[in-house]
Every structure is written in C-alpha cells, then in structure tokens.
Amino acid sequence: MLPSAPPSSRSVVGVADDLFAALRGESQVLPRADSVVLVVIDGLGAISLRGHAGHARALTSGMAKKDVAQSVFPSTTAAALTSIVTGVWPGEHGLVGYRVLDPSRDVLVNQLSGWETDGIDPLTWQAAPTIFERAARGGHASFAVGFAGYAHSGFTKATLRGAEFVAATTARARIEAAYELAQTHPGSLVYCYLPEVDKAGHKHGIASAEWVAALEDVDAALSTRVPPGVGVVVTSDHGMVDVAPNRQVVLEETHLEGIRHVGGEPRMLHVYLEPEADAAAVTARWRADLEGVADVVTRDEAVHAGLFGPTVTEAASSRIGDVLAIARGTWAVYDGTAADQRGRGMVGQHGALTPEERQVPVIRLGAFSR
C-alpha cells in the first residue's frame, strides 16, 4: 500500500487558479484583490517550516493548521513547479520526473536543466497552457521575477511563457520587485521564485546552519510590507528529507539485468526495461532487492493508483518508467554504474511520497490575510 493524501486534501495544482479567480472576485477560498502575487519558495516543506518556526516568524506568525497543501508526485521541482503554474497534474503536462525517457530518441532527458543540451522543445514537450497565458487572454498583465540566469532557459519557456520576466538578485530584491509590479500594474498576476532554501538543503541538509540561514533570509524578505490591495500567497513545490550516507543504496550491475535506462532521481527512480526483458521478473527482483527501502510498482500500478493525477496522456505515459522505485523513509537509491555520481553528495533530497516531501505551506499575506 502506497501512502496517499486524503481525497479532501488541498493540492498545489489549484493554487494559481485560486489567485487568478481572486482577481475576478470569483475565488471560493480567497477574497478579491486588485493584483496578486504568487511566491514559490523552492524546497520548503510545511513540516520543516513548522519545525523551524522560530527562524521564520514572518511566515509562521499567521500560519494556521489548515494552511497546507499536497504537492504532486513525483515531489520534484520539474513536476511540481509545472503543476503550480499550469494548474494540471504531471500526467497531463508531461513533466513526470527529474530525468525521463524521450521515447522518440531512446535517450534520457533532464526536464529541469537539460532543455537545450538534451534537445527538448519546451513548446511541444510541455503543451499545457500556463496561468500567465490564460491571464493574458483575460486582459491581465503577468510577470515572473527570478534570477537573470533563468530568463531564457528552456524550463522558463516551458513553464512561465506568457509572463514578462523581471530579474533581481537577492530574495529581498525579488520580493520587493514583485510587490512593486503588482502595485503599479492593477489587475496583474506576479510570480516570484525563491530557490535559496532548496539549494541550501541539497548541499547541507535541512538540519544544517546553512539551511536555517537561508530560511531566515527568505523570511526576512517576506517581512516586507505588502502594498494595499495586493493579495499574496506563499507556497512551495515540495519539501525534502536528509539522507545519511548509511541510507544510500547503490545498485550494481547484478541488480540492473534487463534494464536499459535508470532515470528519475534517487528518491524516485524511473526504470526503463530492455524490450526483451521479463517485466514481471524484473519487478519481482527489484521488490526483493529493495525490500524495506523502496516501494516498487509498475507503470500501470502507479497510473491506476492516480499517482500522476486523474488523467495521464499518452505522451506522459510514454515517459514514465516501466518500473518505479519510490524510496521510503530517508532512503535513497543510486545507479552505481552511472558515470555521473555527483548526486551521491546531496544531503537534502526529495521526489517520494513522505509527508515531509509532499506537504507544503500555503500562507496568505496582504489582501489575502485572514
């Protein structure tokens, strides 16, 4: 039995649509606002935020118990950020993991940073309309505030198209720019991306002083006064867990018989089989090899369980592994035969189904404050 969210749980999939509806005075959960700002703090889970409330007073002072939502599966940036800004599940937008198979070329592609190097067309690979494109059709200006280096990336073209990109360096500068845009462009939708907490977590772990410092910096930025009439929602794409060295399981050649590609990431592997492989035998072997470490399911089982959302398109299905290995607890599973082993150095990780990874905050500020 895979862990699952209660059917009534709020999802990050609907957050942007709630904001857009608030501009029209039609939201069921938010009051009307003159302009709206969506702040995404990458990698900040609700559980870790509450556990460090003393270091995040601006964020947690008005945070109610119900101010949480469930991220999508896999709980990874490419899948979850795309769901936030398109309002659809990974099974529809097709970004179903960190590294997945491009079946037309039989190669793995990186859906976060490999758009140019791996030859992915952002306009066709991710075809779902963004909230910014929908805003433009409704006559609303939209902006995306982030690092200058992200302005022309393939991932930006896939997920932020329709928004005018505005660059700012520090977290405070990005928040201030977002608030100013919202104030000076009534009726606008502004997206602001803060990756600092995620970066610190990957490198140092969420139990580190560096992670706490990054959280404090972001919290200080969000203590900035919200202009009158501007509604702000602060959320995240996923949380993370710390993986100790003794929780790293390394798969060698004997484990990989019949396997053509291993994609995904260490806490959620997409396993693609050789055409002649016995799928049932491989699945049974992986379940035995990873007993107590990961839940091993087939593509059909994952789709039937609704892990990728209520609808899975043919394109999305073709990118999902024949077998999935979803890490339990604080384990991570690595392909020991891969040339690139840099991922073995990451402390904070995500991608699986634990509450620490899937529960994210949804905090209301400004005109949306209770």
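**Exercise 1. Determine the strand order of the open six-stranded sheet, its edges, and the helices that pack on it.**

Step 1. In this predicted model, the six strands of the open sheet follow the order S6-S5-S7-S1-S8-S18, and their pairing is mixed; strands here are DSSP runs of E with at least two residues, helices are runs of H or I with at least four residues, and both are numbered from the N terminus. Two strands count as paired if DSSP finds at least two bridges between them.

Step 2. Strand S6 (164-167) and strand S18 (363-366) are the edge strands, each pairing on one side only. Averaged over this sheet, neighbouring strands are turned by 20° against each other, direction ignored.

Step 3. Within the sheet, S5 and S7 run parallel and are joined by four bridges, and Ala 144 has Tyr 191 in S7 as its bridge partner.

Step 4. Helix H9 (residues 171-184) packs on the sheet, where it touches S1, S5, S6, S7, strand S8 (230-235) and S18, and its direction makes about 175° with that of S7. Contact means heavy atoms within 4.5 Å, while angles run from 0 to 180 degrees between N-to-C directions of axes fitted to C-alpha atoms, for helices over the stretch in contact.

The conventions behind these steps are that residues are numbered from 1 along each chain as its sequence is written, and that side-chain values use heavy atoms, with hydrogens and water left out. Because the model is predicted, local features need pLDDT of at least 70 and side-chain atom pairs count only at pLDDT 80 or more, whereas totals for chains, interfaces and linings use all residues.

**Exercise 2. Work out how S12 is placed in the four-stranded open sheet, and state whether its residues are buried or exposed.**

Step 1. The sheet has the order S11-S12-S14-S13 with antiparallel pairing. S11 and strand S13 (294-298) stand at the edges with a single partner strand each, so one side of each has no neighbour in the sheet.

Step 2. On one side, S11 pairs with S12 over six bridges in the antiparallel sense, a hairpin joins these two strands through two residues, and Gly 263 has His 270 in S12 as its bridge partner.

Step 3. Four bridges join strand S12 (residues 268-273) to strand S14 (residues 323-327), again antiparallel; here His 270 has Leu 324 as its bridge partner, and Val 271 stands opposite Val 323.

Step 4. Met 268, His 270 and Tyr 272 point one way from S12, Leu 269, Val 271 and Leu 273 point the other way, and all are buried, that is, under 20% relative accessible area with a 1.4 Å probe and protein chains only (exposed is over 50%, partly exposed in between). Six of the six residues of S12 are buried, so the strand is largely enclosed by the rest of the structure.

Step 5. Helix H12 (residues 279-289) lies across S11, S12, S13 and S14, and runs at about 170° to S13.
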